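Biologist: Could you give me a close look at the nonpolar core of this one, and at the parts packed around it? Cut-offs welcome, please.

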Amino acid sequence: MKKFTAELIGTFILVFVGTGAVVFGNGTEGLGHLGIALAFGLSIVAAAYSIGTISGAHLNPAVSVAMFVNKRMDAKELVNYIVAQVIGAIIASAAIFFLSGGADSGLGSNAYTEVSTAGAFIFELITSFIFILVIVTVTSATKGNGKIAGLVIGLTLTAMILVGLNITGLSVNPARSLAPALFVGGKALAQLWVFIVAPIVGGILAALVGKNLLDTEA
């Protein structure tokens with residue numbers, strides 16, 4: 001139960017701070033690319049160094065799937081984590097929906113208009129692979145460094161958002177995309193499958209590369 005609660009709280013922090021920065025900071029015209037990227041990145045750091053000691057601060061179903069693939073957690077834990085992450089994300093989006101007065105702001109939802117569906121899928125797969133490969137490596141018992149893991153992961157997410165904000169809004173996290181899409185509907189909901197499937201595929205590939213090439217599970 002402690003791990004469930006920790007993942008719920010941590011994912012709430014990520015989605016509330018990250019998408020909240022987009023909504024209340026007036027997007028790229030307000031906070032700008034760097035401000036939004038740092039909001040997401042620093043929220044990861046905050047979660048990692050608060051609830052991370054309880055659950056490892058996955059905050060992301062794709063990360064949990066990668067950990068399951070590399071046998072760092074069992075199937076029951078995987079389901080427990082994903083349910084907690086989705087609930088935490090939905091509560092965060094509900095809070096932003098209430099505070100912003102509705103879904104007109106977009107609630108920081110993910111969508112793509114500048115690239116095709118295939119392009120968005122490939123982009124999310126690549127960025128998810130990079131992001132989650134860093135996670136499985138820096139949290140490895142033999143190759144990682146737990147003391148700086150949260151900072152490294154947060155900075156990596158910041159970098160990914162700087163690259164991808166204009167392409168897909170950058171997800172790399174199914175829960176982060178699902179929650180606002182449920183409130184916004186429309187294009188965000190229609191395109192949601194890309195932001196669920198691509199990060200999970202990227203996470204699985206990252207887990208396999210980490211295990212078989214980088215010896216993260218040795």
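Modeller: Sure, I'll start with the core, then go to the helices, two polar residues, and a few rings and odd backbone angles.

Some ground rules: this is a predicted model, so local features need pLDDT of at least 70 and side-chain atom pairs count only at pLDDT 80 or more, while totals for chains, interfaces and linings use all residues. Residues are numbered from 1 along each chain as its sequence is written, and side-chain values use heavy atoms, with hydrogens and water left out.

Now the core itself. By nonpolar core I mean a set of buried Ala, Val, Leu, Ile, Met, Phe, Trp, Tyr and Cys residues joined through side-chain atoms within 4.5 Å. Buried is under 20% relative accessible area, exposed is over 50%, and partly exposed is in between, with a 1.4 Å probe and protein chains only. The largest such core has 33 residues, and the members touching the most others are Leu59, Phe131, Ile132, Leu157, Ile161 and Leu170. Helices α1 (2–24), α3 (32–48), α5 (61–69), α7 (117–138), α8 (146–164) and α11 (192–212) each put in at least two residues, and α7 gives the most, 7. (Helices are DSSP runs of H or I, at least four residues; strands are runs of E, at least two; numbering goes from the N terminus.) A separate core of 5 residues lies apart from this one, with Val15, Ala89, Ala92 and Ala179 among them.

Leu157 is a good place to zoom in. Contact here means heavy atoms within 4.5 Å. Ignoring residues up to four places away in sequence, Leu157 touches Leu14, Phe40, Gly41, Ile44, Phe131, Leu170 and Val172. Next to Leu157 in the chain, Thr156 also sits in helix α8. Thr156 is buried at 14% relative accessible area, and beyond its neighbours within four places it contacts Phe131 and Val134.

Two of the contributing helices deserve a length check, where the expected span is 1.5 Å times one less than the number of residues. α3, with 17 residues, reaches 25 Å between its first and last C-alpha atoms, close to the expected 24 Å. Its buried set is Gly32, Ile36, Ala37, Ala39, Phe40, Gly41, Ser43, Ile44, Val45 and Ala47, and these pack against α1, α2 (27–30), α4 (52–55), α8 and α9. For α11, 21 residues should span 30 Å, and the ends are 31 Å apart, which agrees. Its buried residues include Leu192, Phe195, Pro199 and Gly203, and their cover includes α5, α7, α9 and α10 (186–190).

Which polar side chain reaches the backbone oxygen of leucine 59? That is Asn173, at 2.9 Å. The same side chain also reaches the backbone nitrogen of Ala175 at 3.0 Å. A polar contact is a pair of N or O atoms within 3.5 Å; within protein, one must be able to donate a hydrogen and the other to accept it, and residues adjacent in sequence count only if both atoms are side-chain atoms. Asn173 is in the loop between α8 and α9 (174–184) and is buried at 4%. Outside its neighbours within four places, Asn173 contacts Leu14, Leu59, Asn60, Pro61, Phe195 and Pro199.

Phe195 turns up again in the aromatics, of which there are 4 pairs. Rings of Phe, Tyr and Trp (its six-membered ring) pair if their centres lie within 6.5 Å; planes under 30 degrees apart are stacked, over 60 edge-to-face, and the rest tilted. Phe97 and Phe183 make a tilted pair, 5.4 Å centre to centre with 35° between planes. Phe97 lies in α6 (residues 75–100) and Phe183 in α9, so the pair ties together parts 86 residues apart in sequence. Phe97 is partly exposed at 31%, and Phe183 is partly exposed at 27%. The rings of Tyr112 and Phe195 have centres 6.2 Å apart and planes at 55°, so that pair is tilted too. Tyr112 is in the loop between α6 and α7 and Phe195 in α11, so this pair links parts 83 residues apart. Both Tyr112 and Phe195 are buried.

Last, the backbone. Most residues other than glycine have a negative phi. Ala57, however, has a positive phi of about 50°; it lies in the loop between α4 and α5 and is buried at 15%.
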